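Let's take a walk through this chain together. Keep the sequence and the 3D view open while you read.

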Amino acid sequence: MGLRRSLNKQTQAMAFKKFSNLSDKGCKTDVPKGHFVVYIGEMRSRYVLPMSWLQHKGFQSLLRRAEEEFGFNHDMGLTIPCHEQDFLSLISIMG
């Protein structure tokens, strides 16, 4: 499986549905419309990201890793299995 492969439509739809429903499950309501929450690193640092980042190839790679390790069926926001510094480097180039 190549890292540059796009998420398939079913996985994208599942992720989007999960992100869209987080506020319905008692998550913090400080997430603006069109954004979602991820938790990064060992300390589970919380980041609020725009939905548009779901289309970025680098972020899609992180989503695949998260799906493989944790799945999308859990009550807290999406946990991304990577070092926080690596994540910060990625988002700095995404914009």
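Contact here means that heavy atoms come within 4.5 Å of each other. With that in hand, look at Leu49: leaving out residues up to four places away in sequence, Leu49 touches Gly34, His35, Phe36, Val38, Phe59 and Phe87.

Before going further, a word on what you're looking at. This is a predicted model, where local features need pLDDT of at least 70 and side-chain atom pairs count only at pLDDT 80 or more, while totals for chains, interfaces and linings use all residues. Residues are numbered from 1 along each chain as its sequence is written, and side-chain values use heavy atoms, with hydrogens and water left out.

**The overall layout**

Helices (H or I, at least four residues) and strands (E, at least two) are DSSP runs, numbered from the N terminus. The chain has three helices and three strands, and reading along the sequence gives you the pattern α-β-β-α-β-α.

How much of the chain is buried? Buried means under 20% relative accessible area, exposed means over 50%, and partly exposed is in between (1.4 Å probe, protein chains only). By that yardstick, buried residues make up 41% of the 95 residues. The chain exposes about 6000 Å², and carbon and sulfur atoms supply 53% of that; these areas come from the Shrake-Rupley method with a 1.4 Å probe, and for residues only the protein chains shown count as cover. Among contacts between residues at least 6 apart in sequence, 59% join residues at least 24 apart.

**The sheet**

Two strands pair if DSSP finds at least two bridges between them. Here, three strands form an open sheet in the order β2-β1-β3, with mixed pairing. β2 and β3 are the edge strands, each pairing on one side only. From one strand to the next, the twist averages 40°. For angles like this, axes are lines fitted to C-alpha atoms (for helices over the stretch in contact), and the angles run from 0 to 180 degrees between N-to-C directions.

β1 and β2 pair in the antiparallel sense over six bridges, whereas β1 and β3 pair in the parallel sense over three bridges. Here's who stands opposite whom:

| Residue in β1 | Opposite residue | Strand of the opposite residue |
|---|---|---|
| His35 | Pro50 | β2 |
| Val38 | Tyr47 | β2 |
| Val38 | Leu78 | β3 |
| Ile40 | Ile80 | β3 |

β1 and β2 form a hairpin with four residues between them, and Gly41 in the turn has a positive phi of about 75°. Arg44 is found in the loop between β1 and β2 too. Phi of Arg44 is near 55°, a positive value in a residue other than glycine. Arg44 is partly exposed, with a relative accessible area of 37%.

Five of the six residues of β1 are buried, so β1 is largely enclosed by the rest of the structure. Take Phe36, which sits in strand β1: Phe36 is buried, with a relative accessible area of 1%. The C-alpha atoms of Phe36 and Met51 are separated by 6.5 Å, though these residues are 15 apart along the chain. β2 has a covered face of Ser45, Tyr47 and Leu49, and an uncovered one of Arg46, Val48 and Pro50.

**The helices against the sheet**

α3 lies across β1 and β2, running at about 20° to β2. Which residues of α3 are buried? They are Phe87, Leu90, Ile91 and Met94. These residues cover an arc of only 95° around the axis, which puts them on the same side of α3; the arc is that of the directions from the helix axis to the C-beta atoms. An α-helix has 3.6 residues a turn, so residues three or four places apart point the same way. What covers the buried residues of α3 includes β1, β2 and α2. Turned away from that buried side, the other face of α3 carries the exposed residues Gln85, Ser92 and Ile93.

**The core**

A nonpolar core is a set of buried Ala, Val, Leu, Ile, Met, Phe, Trp, Tyr and Cys residues joined through side-chain atoms within 4.5 Å. The largest one has 19 residues, and those with the most contacts inside it are Val38, Leu49, Phe59, Ile80 and Phe87. β1 (35–40), β2 (45–50), α2 (57–70), β3 (78–80) and α3 (84–94) each supply at least two residues of this core.
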